[in-house]
Amino acid sequence: MCRNIRPLFNFEPPVTDGEVRAASLQFVRKISGFSRPSQANEAAFAAAVDQVAAAAHTLLASLVTNAEPRDREVEAAKAREKNARRFGTAAG
């Protein structure tokens, strides 16, 4: 359920609003237990996603590092290779 929650700090190119929103949505889904909220809970759910996204943006803007930015393509290739070893499928 948390597949969109990934490290978002120190990447080149920088994190997008869409990536932060996707991670925030997955986080709110996880802690609420809802994939889709009922109409009665929809406003609270949407507000929570907005608040988590705002907090994530604040956090990411506040963090500092001396490390070189990680390359998204290199990290994605590492993840595919790890999954291939773990699940016995061809990396691709």
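## Core, surface and overall form of a predicted chain

Leaving aside neighbours within four places in sequence, Leu8 is in contact with Val15, Glu19, Val20, Ala23 and Leu60. This contact set comes from a predicted model, and several of its members return in the largest nonpolar core, which consists of five residues, Leu8, Val20, Ala23, Ala53 and Leu60. The elements that contribute two or more residues to this core are α1 and α2, the latter spanning residues 42–62. As a general background, nonpolar side chains in soluble globular proteins tend to be buried together.

Helix α1, residues 17–32, also holds Phe27, which joins Ile5 and Ile31 in a nonpolar surface patch of about 280 Å². Phe27 counts as partly exposed because its relative accessible area is 38%, a value between the 20% and 50% limits of that class. Lys78, for its part, lies in helix α3, and its C-alpha atom is separated by 15 Å from that of Phe11, 67 residues away along the chain.

| Residue | Helix | Relative accessible area |
|---|---|---|
| Phe27 | α1 (residues 17–32) | 38%, partly exposed |
| Lys78 | α3 (residues 72–87) | 49%, partly exposed |

Taken as a whole, the chain has three helices and two strands, running β-α-α-β-α from the N terminus. Its radius of gyration is 16 Å, whereas a compact globule of 92 residues would have one near 12 Å, and its C-alpha atoms fill a box of roughly 45 × 35 × 15 Å along the principal axes. Of the 92 residues, 15% count as buried, while the chain exposes about 6,900 Å², of which carbon and sulfur atoms supply 55%.

Terms used
Residues numbered from 1 in each chain as written. Predicted model: local features only at pLDDT ≥ 70, side-chain atom pairs only at ≥ 80, totals over all residues. Heavy atoms only, no water. Patch = residues over 30% accessible without salt bridge, like charges linked within 9 Å, V, L, I, M, F, W, Y side chains within 5 Å. Areas by Shrake-Rupley, 256 points an atom, 1.4 Å probe, with all protein chains shown as cover. Salt bridge = Lys/Arg side-chain N within 4 Å of Asp/Glu carboxyl O. Helix = DSSP H or I, 4+ residues; strand = E, 2+ residues; numbered from the N terminus. Buried < 20%, exposed > 50% of the residue type's maximum accessible area, 1.4 Å probe, protein only. Core = buried A, V, L, I, M, F, W, Y, C linked by side-chain atoms within 4.5 Å. Contact = heavy atoms within 4.5 Å. Rg over C-alpha atoms; globule rule 2.2 N^0.38 Å.
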